[in-house]
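Please consider the sequence and the structure shown here. The paragraphs that follow lead the reader from a pocket to its surroundings, and then to several side chains.

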Amino acid sequence: MTDFNVAMDNEQQIELLRHTERSRLRALVAADTDAARILHADDFQLITPIGIMLSREEYLGAIAAGQMRYLSWEPGEIAVRLYGDAAVLRYQAYLEINFGGQSVPRSRYWHMDSYEWREGRWQAVWSQATAIR
């Protein structure tokens with residue numbers, strides 16, 4: 001990954017990652033799959049709180065079809081570990097979602113996302129959510 005933006009220092013990269021994650025969440029809540037597609041790598045994988053793995057196309061397809069509809073996604077402070085052209089983000093968030101016609105009430109989740117610098121931007125590669133009971 002030779003096109004990494006070395007013009008930014010670590011703090012600027014960390015802020016860009018936080019901004020990118022918030023933009024990704026806004027796109028998912030708005031069901032803007034065109035914007036979301038840019039922020040998810042081709043080989044993106046999501047592990048849902050119930051242990052199902054979804055590819056980017058399965059995930060965004062479910063959102064486009066209305067099978068998954070985020071009603072709200074409110075992230076807290078986003079912690080970032082930066083490793084050159086890769087990064088790991090971790091945060092808690094309140095989510096409310098409708099999944100397959102079933103409303104899942106507003107609940108708290110841990111989120112862990114890995115990003116890689118690809119095609120001149122940060123893209124989500126792996127994502128995992130865990131319910132906080």
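**The pocket and its surroundings**

The residues that line the largest pocket comprise 14 nonpolar, four polar and two charged ones. The model described here is a predicted one. The largest pocket encloses about 420 Å³ of space. Its lining is made up of 20 residues, of which Thr48, Pro49, Ile50, Ile97 and Tyr109 are the closest to the centre.

Several strands take part in this lining. At least two residues each come from strand E3 (68-75), strand E5 (86-99), strand E6 (102-118) and strand E7 (121-131). Among the contributors, E6 gives the most, with four residues of the lining.

The account now turns to aromatic side chains. Three aromatic pairs are present in the structure. In one of them, the ring centres of tyrosine 70 and tryptophan 73 are 4.8 Å apart, and because the ring planes stand at 40°, the pair is classed as tilted. Both tyrosine 70 and tryptophan 73 are buried. Another pair joins tryptophan 117 and tryptophan 122, whose ring centres are 5.4 Å apart; their planes meet at 80°, so this pair is edge-to-face. Here too the partners, tryptophan 117 and tryptophan 122, are buried.

An aromatic ring also has a charged residue as its neighbour. Arginine 106 is placed over the face of tyrosine 94, and the distance to the ring centre is 4.2 Å.

A second arginine deserves attention. Arginine 24 belongs to helix H1, which spans residues 10-29. Is arginine 24 buried or exposed? Its relative accessibility is 1%, and therefore arginine 24 counts as buried, since the limit for that class is under 20% relative accessible area. Which side chains does the side chain of arginine 24 contact? One polar contact, at 3.2 Å, is made with the side chain of aspartate 113. Another, at 3.4 Å, is made with the side chain of tyrosine 115.

Serine 23 is likewise found in helix H1. The relative accessible area of serine 23 is 18%, so this residue is buried. Between serine 23 and alanine 41 there is a separation of 18 residues in sequence, while their C-alpha atoms are 15 Å apart in space.

Technical notes
Residues are numbered from 1 along each chain as its sequence is written. This is a predicted model: local features need pLDDT of at least 70, side-chain atom pairs count only at pLDDT 80 or more; totals for chains, interfaces and linings use all residues. Side-chain values use heavy atoms; hydrogens and water are left out. On a 1 Å grid over the protein atoms alone, a cavity is a set of points where a 1.4 Å probe fits but cannot get out, and a pocket is an open set with protein on both sides within 12 Å along at least five of seven lines; lining residues have an atom within 4 Å of a point. Grid points are joined across faces, edges and corners, and a volume is the space filled by probe spheres set on the points. Ala, Val, Leu, Ile, Met, Phe, Trp, Tyr, Cys and Pro count as nonpolar, Asp, Glu, Lys and Arg as charged, and the others, Gly among them, as polar. Rings of Phe, Tyr and Trp (its six-membered ring) pair if their centres lie within 6.5 Å; planes under 30 degrees apart count as stacked, over 60 as edge-to-face and the rest as tilted. Buried means under 20% relative accessible area, exposed over 50%, partly exposed in between (1.4 Å probe, protein chains only). A charge sits over a ring if NZ of Lys or CZ of Arg is within 6 Å of the ring centre and within 35 degrees of the ring normal. A polar contact is a pair of N or O atoms within 3.5 Å; within protein, one must be able to donate a hydrogen and the other to accept it, and residues adjacent in sequence count only if both atoms are side-chain atoms.
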